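Please open the model in the viewer and keep the selection panel at hand. The tour proceeds from the whole chain to the ligand and then to a pocket.

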Amino acid sequence: MSAPLLEAVGLSAGYGQSNVLRDIDLTVGAGEAVVVLGANGAGKTTLMRAISGLIPHTGEIRVDGKVVTKVRPDAMLRLGISQIPQGRGTLTDMTVRDNLRVGAVSRKPGPDVAEDIDQWCTVFPPLGKRRDQIAGTLSGGEQQMLAVARAMMSRPRLLLCDEVSLGLAPLIVQGLFEVLARVNAERGTAVLLVEQNAELALDIASRVYLLEVGSVASSGPTEEFRSNDAIRRAYLGY
Ligand code: ATP
């Protein structure tokens, strides 16, 4: 059996003296959609930061079964792992088009970059209308569309999504999740989502990790989570 695309083994991380994550084991297989749920402050964003190399960790991060010795955003991108950070991370003083070009820096330059820009401007028509607009002047929803499109411009094998829904209107969030579901189903891009909006995330994901105070409290197939009364009440509110 081939190794999972991404593995975190005994992963711990935090900020200075404060250890937030303790001994996390997590896997994402090729083409899989996995969601990490947890209350405010459980450590979801910290987990994403550790996996993408924005903060240091102890333990191992493996890609295709090999330990990544220098976990940094550029190195992870070269391994096919692209991140949509919380707060979107768009380059606010650059145009939509240039943000998308920057998203493709890990690729060889060529006409297919412009073709992908056109494609993402079709997937997200508001971006198509605003290719030459400065990203900082986009609405919150448009900026999140740009963040998704920019992360996809590297043609990743795995997309890390940190709270895509944060602060956005329900209709915009629904549209973004539909795009993420299509990215997963049609392109076979694996997705690791960290989400407060459990209902939408569970619609996409086939597997769930529950994070409680920096540790994995439980994990398993989405259907098991939906049928567990205590978990459903705590995370889905019914
Ligand atoms: P939320 O759903 O509210 O975004 P979260 O599960 O993503 O929460 P994190 O943002 O990972 O949680 O935060 C986990 C803990 O780490 C919190 O106690 C938070 O205060 C702390 N923390 C986060 N960022 C920093 C930082 N830069 N410096 C110090 N502590 C931090």
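Display the whole chain as a cartoon: it has 10 helices and 10 strands, where helices (H or I, at least four residues) and strands (E, at least two) are DSSP runs numbered from the N terminus. The radius of gyration, taken over C-alpha atoms, is 17 Å, close to the 18 Å that the globule rule gives for 238 residues, so the chain is as compact as a globular protein of that length. That rule is 2.2 Å times the number of residues to the power 0.38. Along the principal axes, the C-alpha atoms fill a box of roughly 45 × 40 × 40 Å.

This is a predicted model, in which local features need pLDDT of at least 70 and side-chain atom pairs count only at pLDDT 80 or more, while totals for chains, interfaces and linings use all residues. Residues are numbered from 1 along each chain as its sequence is written, and side-chain values use heavy atoms, with hydrogens and water left out.

Next, select the ligand and the residues near it (one heavy atom within 4 Å). The shell contains 14 residues, the closest being Asn40, Gly41, Lys44, Thr46 and Gln196. Helix α1 (residues 44-52) gives the most to this shell, with four residues.

Now show the polar contacts (pairs of N or O atoms within 3.5 Å). A side-chain N or O atom of Asn40 lies 2.8 Å from an oxygen atom of the ligand. Gly43 places a backbone N or O atom 2.9 Å from a ligand oxygen, and a backbone N or O atom of Thr45 is 2.9 Å from an oxygen atom of the ligand.

Finally, select Pro73, Leu77, Ser82, Gln83 and Arg150. Of the 17 residues that line the largest pocket, these are the closest to its centre. Lining residues have an atom within 4 Å of a pocket point. Colour α2 (73-78), β6 (81-84), α3 (96-103) and α6 (140-152): each supplies at least two residues of this lining.

Technical notes:
A polar contact is a pair of N or O atoms within 3.5 Å; within protein, one must be able to donate a hydrogen and the other to accept it, and residues adjacent in sequence count only if both atoms are side-chain atoms. On a 1 Å grid over the protein atoms alone, a cavity is a set of points where a 1.4 Å probe fits but cannot get out, and a pocket is an open set with protein on both sides within 12 Å along at least five of seven lines; lining residues have an atom within 4 Å of a point.
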